[in-house]
Each structure stands twice: as C-alpha cells, then as structure tokens.
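Biologist: Please take one part of this model, the packing of its helices, and go through it closely for a reader who works with coordinates every day. I would like one connected account rather than a list.

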Amino acid sequence: MSATPLTARIPGSKSITNRALLLSAAASGTSILRDPLVSEDTVAFRDALTALGVRVSEHGTSWEITGAGRGPTAGARVWCADAGTAARFLPPFAATGRGTYVFDGSEQLRARPLRPLADALSRLGAKVGTEGVGGLPLRVEADGLRGGELAVDGRLSSQFLSGLLMAAPLLPDPLTVTVRDLVSRPYIDMTIALMRRFGARVDEDAPGVIATAGGGYTATDLVIEPDASTASYFFAAAAVTGRTVTVPGLGRDSLQGDLGFVETLRRAGARVEIGADSTTVTGTGPLRGGFEVDMGTISDTFMTLAAIAPLADAPITIRGIGHARLKESDRLAAVAGNLGACGVVTVTGRDWLTVHPAAEAGTGAGVVRPARIACHRDHRIAMAFSVLGLRAPGRLTFDDPACVGKTFPGFHAELARLFPQEVLT
C-alpha cells in the first residue's frame, strides 16, 4: 500500500461552534467566530439564537454575534430541528432572562431525554413544563434563575451540565454544581475552557464540584479548530488503506477530547504523530485486534472504531458506551445491526460491544458481504461505515447518505477526493 501524504480538509468543530455561539450571545459586545462549522446543526443553533433576539451576521468565513450580556427578554418559540445542543444549551440561557419560551424540534430530537435538565432548571427557580417521551416540546416561563447549590445526574448526557454551567455566570449569585456519574468528561473540560476564554470565573475545587461566579461574559474573537470527531473518519481511513492523512489545525493543545481516538488507532497498529498544530496517522498494514478499550469519554468516535474492527486480525471490545444508546439513534444497536448485515459477528451488552473479524464469518479475510447500511438518520453511522466501504468498494450502499449534512455536508466529496480509487472502484 502507498503512504502518499494526504491532507484532509476538516470543517470546524460542531461542539466548539455551538458553545461559542451561545457564549457570544450571552456576552456583552460583538464576538467574532472565525471558520465556524456550517452544517445543519450549527445553522439550526444559529437560527434558534436569532429567534431569541440575538443578532448574528455572516462576513465571509466568519460569524459576528452581538450579545446583550444577559438572557433574552421577549419570549419566543424556538425550533431546534435535530440539534441536541440547541435543546440542551438554550433553555438554561432563556431561563436567565424574562418571558415565556417554547422549545421544540424534530421527532428524532423529541425522543431524546431532557427531563434531568428540566428538573435542574425547576430547582433553580424556573417554571418548566415538558411533553412527550423525551421532553420536547419544553416550555420555560423565565423570570431569572437563582444561584446556590445544585446536584446533577450526568449519566445520560454531559450536555445538561454544559448548558447549566454556561448559563451560570448570568445569575446574580454564584452557583456550585455537583455532578455524579458524568459521561463524556472531555466535553465539560471544553465547556469550562471556552467559558474562561469568554471571561467567566469557573473553578473545580474537587472532582465533580464546579463553582461559577456572576459577572457575565466578555465578547471574544475565536478561531474554531477542526472537528476532531469528524477527523476520526479520515484518520481511520488512513489506518485501513495504508495511507498517511494529516489534519492541520488539530494539535496537542486541542480543546476536543475526541482527538484521543487516534490512540485507539495506535493500539491497532497505526503510526500516530500529534504535533503542535496538526495530527498525522499512517496505516502500517493489517489492523491489530485482540484488545479492549473504554471509549466512554469519546463515545462519538466509538462507531468509527467499530466500523473498521471487522478488518482487524482479532476481536475488539469497546466498553463504557451505554449512553450512546440515547443519541441520534441507539448507536450500539445500529452498529451491531449494520455489521450483522455485512456478515460480521458482534456481541453486545448494556454498555459494550465486541466486534469479531470479518474472516471469522467466512466472508474472506478483511472482506465484508454486500449490504445496505441503515443510517437511522444518524450522521455518524453513515460516516463510520463509509470508512469500512473503502475496503469493500461497491459492496456497501446507504439508505440515507445525505444525513451527513448534520455535521459535514461535504463529507462524501472529501472522502472521494482523498481516496478516489477506493470510493469509485
């Protein structure tokens, strides 16, 4: 296999873009976000802020957001589309202001849990009503929130805690949040780092005990780094094709925990170089299996590993991912079902998944059966199995390839640009 160096063009981080949008809206003055991700989720978040009365304008590859230094005051109906971050981050922000706000979204988003956030807002003084199985539509009657002490259950999603923390500096009194059983801790580290970048005072004096002070936010000029979750697909593609892929702008000082995915590729035999301003992965031959890995802190990338695991020489077990069942789809079930359709043997538990080599199913070493991948309207399912498709040209088709527009509308074009022979054969 050739190791011709390739440079992947990865768009901005969704997680950073949507957090920065909210912090800019809460800050006093005009913030500039440079190279933000432009995708269905970030546009939905931006439009939701506009519905809340925040002025957002585009200037080339930058967005300018003018914040009032407080929560909204006019009341509004807010459409969150499929964006989980909008449904989890915006209600606390609205609750710090005044007025009645009704948040709603797609059927897919309505099915996702919201009750822990609604309960937390109620304990802070908001009047909150939820409907349906997941929590949307959600009605917030806002008259400001009070500070004090708050306990939060972090087992379902770290986004509840992120939303509460980002709203806290707008409260008149300090807020101390104690979180238990937190999943996806790196996303909380990202939230805290960005809050500090926008001038907030945040301290964690003991593990899981986070104290915030009032004082609000200051407008900031921020460059959005490439999305590490999206980069995982291109790093994995390098590992399974024997090529070298570099992602500029994603280095050792990244705010994103999902860059840690490359360490799983290192365990599988790939060569990994993490520099100051870029990360490079080189495939060195057949993938090595025979290991277990806990991906609870980087669960958005577990599907990337699971989708290429059939190409390894021994089973790979992924643990700590039970909360991934509550994402855009039941991701454990979706991955296992699609691998099964490809002739790959998997075993699943409540929060773990074991993937056996494709060769064990008699499909031939490193080869999977032809299959139609059920995307479940989940962008990460489509992108992860597209990487497996590089080693099975023409064997995999997708029932909803356009669902990648949620985070990377140009994904298929970029994959084809970097790996034209594998994609087009």
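Modeller: What follows is a walk through the helix α7 and its partners, then a second helix pair, a further helix, and a few backbone details. The model is a predicted one, and every value below is computed from it.

Two packed helices are described by the angle between their axes and the distance between the axes, and that is how each pair is introduced here. Helix α7 covers residues 185-197, and helix α1, residues 14-26, packs against it at an angle of about 40 degrees with the axes 10 Å apart. Roughly parallel would require an angle under 35 degrees, and α1 and α7 are therefore oblique to each other, with a right-handed crossing. On the α1 side the contact is made by Ser-15, Ile-16, Arg-19 and Leu-23, which meet Tyr-187, Met-190, Thr-191, Leu-194 and Met-195 of α7. Sorted by class, the residues of this contact are six nonpolar, two polar and one charged. An α-helix has 3.6 residues a turn, so residues three or four places apart point the same way, which is a useful thought to keep in mind when reading such lists.

Helix α7 also packs against α6, here at an angle of about 15 degrees and with the axes 10 Å apart. The angle falls under 35 degrees, and α6 and α7 are therefore roughly parallel to each other; their crossing is right-handed. Leu-161, Ser-162, Leu-165 and Met-166 are the residues of α6 in this contact, and they meet Tyr-187, Ile-188, Thr-191, Ile-192 and Met-195 of α7. The contact of α6 with α7 divides into seven nonpolar and two polar residues, with no charged residue.

Ser-162 deserves a closer look. This residue sits in helix α6, which runs over residues 159-167, and Ser-162 counts as buried because its relative accessible area is 0%, with the cut-off for buried at under 20%. Leaving aside residues up to four places away in sequence, Ser-162 touches Arg-19, Phe-89, Tyr-187, Ile-188 and Thr-191. Of these, Arg-19 takes part in the contact of α1 with α7, and Phe-89 is one of the buried residues of α3. The C-alpha atoms of Ser-162 and Met-190 lie 9.1 Å apart, although 28 residues separate the two along the chain.

That leads to α3 itself, residues 84-95. With 12 residues at 1.5 Å a residue, this helix should span 16 Å, and its end C-alpha atoms are 18 Å apart, which agrees. In α3, 12 of the 12 residues are buried, so the helix is largely enclosed by the rest of the structure; among them are Arg-88, Phe-89, Leu-90, Pro-91 and Pro-92.

A separate pair is formed by helix α8, residues 228-241, and helix α12, residues 379-390, which pack at an angle of about 15 degrees with their axes 9 Å apart. These two helices are therefore roughly parallel to each other, and the crossing of α8 and α12 is right-handed. Their contact involves Ser-229, Thr-230, Tyr-233, Ala-236, Ala-237, Val-240 and Thr-241 from α8, together with Arg-380, Met-383, Ala-384, Val-387 and Leu-390 from α12. By class these are eight nonpolar, three polar and one charged.

Helix α5, residues 115-123, holds Pro-116, which is partly exposed with a relative accessible area of 25%. Not counting residues up to four places away in sequence, Pro-116 touches Leu-156 and Phe-160.

Some backbone details remain. Most residues other than glycine have a negative phi, and most peptide bonds are trans. Ala-81, however, has a positive phi of about 55 degrees without being a glycine; this residue lies in the loop between β5 (76-79) and α3 and is partly exposed at 21% relative accessibility. Asp-181, likewise not a glycine, has a positive phi near 55 degrees, and is placed in the loop between β10 (175-180) and α7, where its relative accessible area of 49% makes it partly exposed. Finally, the peptide bond between Leu-136 and Pro-137 is cis, with omega about -5 degrees, and Pro-137 belongs to strand β8, residues 135-143.

Technical notes. Residues are numbered from 1 along each chain as its sequence is written. This is a predicted model: local features need pLDDT of at least 70, side-chain atom pairs count only at pLDDT 80 or more; totals for chains, interfaces and linings use all residues. Side-chain values use heavy atoms; hydrogens and water are left out. Helices (H or I, at least four residues) and strands (E, at least two) are DSSP runs, numbered from the N terminus. The expected span of a helix is 1.5 Å times one less than its number of residues. Buried means under 20% relative accessible area, exposed over 50%, partly exposed in between (1.4 Å probe, protein chains only). Axes are lines fitted to C-alpha atoms, for helices over the stretch in contact, and angles run from 0 to 180 degrees between N-to-C directions. Angles under 35 degrees count as roughly parallel, over 145 as roughly antiparallel, 65 to 115 as roughly perpendicular and the rest as oblique. A crossing is left-handed if the near helix is turned anticlockwise from the far one by less than a right angle, and right-handed if clockwise. Contact means heavy atoms within 4.5 Å. Ala, Val, Leu, Ile, Met, Phe, Trp, Tyr, Cys and Pro count as nonpolar, Asp, Glu, Lys and Arg as charged, and the others, Gly among them, as polar.
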